[in-house]
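Thanks for asking me to look this one over. Here are my notes, point by point, to read with the model open beside you.

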Amino acid sequence: MDKMTPELIKIIEAQLGRTPRGMIGVASMSPEGIPQVLKCLPIVEGKPFPTLYWLSCPRIHKIIAQIEAQQFIKTLENEIIPNNQQLQIDLLKAHKKYQWERLSLWDESLSVREDDFAKYLKVIADTGVGGLSDLLRVRCLHMHYAHHLADYNPVGALIEKEFSSLFA
């Protein structure tokens, strides 16, 4: 992860249009040194945060929104994932690694009310990319692609392959 500097924080704030919440660093930078993906805490403002990796790059965000508008999530869930056992296995592995990574960031200092501690810990332990509980579903391509840029996600890799011309 890249060291946070005041200049980097200003770029991120400009990308998001606000101060980032729960950010602990930049997980992916473009070749030009522009933040693409932020790494976030599993608990933000006392509640589970939906994603470990947050896509901050407006250009990539717009491309992924175009892909979502083409109903690619439906295509993934109805055609591609059900008919590709290796993709299913790879997706489950990616979710499990993601869960482990979120759990490794769990810390007593995350300010969780005692009443919510067990419930939130279960949420962090049992949900995958984007807070999904059904690990063969796809709710948001932005989160899968952010995970792919930061680490590896087979849905993100498939997006990159299928829509390579949009990223050029």
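**Notes on the fold**

1. Let's begin with the sheet. β2 and β5 run antiparallel and are joined by three bridges. Within this pairing, valine 37 of β2 stands opposite leucine 55 in β5. Please keep in mind throughout that this is a predicted model.

2. On to the other partner of β2. Strand β1 (residues 23–29) and strand β2 (residues 35–40) also run antiparallel, and five bridges join them. If you would like to trace the register, valine 26 stands opposite leucine 38, serine 28 stands opposite valine 37, and methionine 29 has proline 35 as its bridge partner. The hairpin of β1 and β2 has five residues between the strands, and there glycine 33 takes a positive phi near 85°.

3. Taken together, the strands give an open sheet of three, in the order β1-β2-β5, with antiparallel pairing. β1 and β5 are the edge strands, each pairing on one side only. On average, neighbouring strands of this sheet are turned by 35° against each other, direction ignored.

4. What packs on the sheet, touching β1, β2 and β5? Helix α6 does, and its direction makes about 110° with that of β5. Helix α1 (residues 6–16) lies across β1, β2 and β5 as well, running at about 95° to β2. As for β2 itself, the strand is mostly covered, with six of its six residues buried.

5. Next, the helix pairs. Two packed helices are described by the angle between their axes and the distance between the axes. For helix α6 (residues 141–150) and helix α7 (residues 154–162), the axes come within 7 Å and cross at roughly 95°. An angle of 65 to 115 degrees counts as roughly perpendicular, so α6 and α7 are roughly perpendicular to each other. The contact brings Leu141, His144, Tyr145, His148 and Leu149 of α6 against Val155, Gly156, Ala157, Ile159 and Glu160 of α7. By type, the residues of this α6 and α7 contact are six nonpolar, three polar and one charged.

6. α7 has another helix to look at. The axes of α4 and α7 are 8 Å apart, and the two helices pack at an angle of about 125°, which makes α4 oblique to α7. Here Leu87, Asp90, Leu91 and Ala94 in α4 meet Pro154, Val155 and Leu158 in α7. The residues of this α4 and α7 contact divide into six nonpolar, no polar and one charged.

7. Now for the interior. In soluble globular proteins, nonpolar side chains tend to be buried together. In this model the largest nonpolar core has 28 residues, and those with the most contacts inside it are Ile64, Ile67, Phe72, Leu76, Leu141, Ile159 and Phe167. At least two residues of this core come from each of β5 (53–55), α2 (58–69), α3 (72–80), α4 (85–104), α6 and α7.

8. Phenylalanine 72 is a good residue to click on. Which residues is phenylalanine 72 in contact with, leaving aside its neighbours within four places in sequence? They are Ile67, Ile80, Leu141, Leu158, Ile159, Glu162 and Phe163. Finally, apart from the largest core lies another core, of six residues, among them Ile43, Trp106, Val112 and Tyr120.

Note on methods
Residues numbered from 1 in each chain as written. Predicted model: local features only at pLDDT ≥ 70, side-chain atom pairs only at ≥ 80, totals over all residues. Heavy atoms only, no water. Pairing = 2+ DSSP bridges. Helix = DSSP H or I, 4+ residues; strand = E, 2+ residues; numbered from the N terminus. Axes fitted to C-alpha atoms, helices over the stretch in contact; angles between N-to-C directions. Parallel < 35°, antiparallel > 145°, perpendicular 65-115°, else oblique. Contact = heavy atoms within 4.5 Å. Nonpolar A, V, L, I, M, F, W, Y, C, P; charged D, E, K, R; others polar. Core = buried A, V, L, I, M, F, W, Y, C linked by side-chain atoms within 4.5 Å. Buried < 20%, exposed > 50% of the residue type's maximum accessible area, 1.4 Å probe, protein only.
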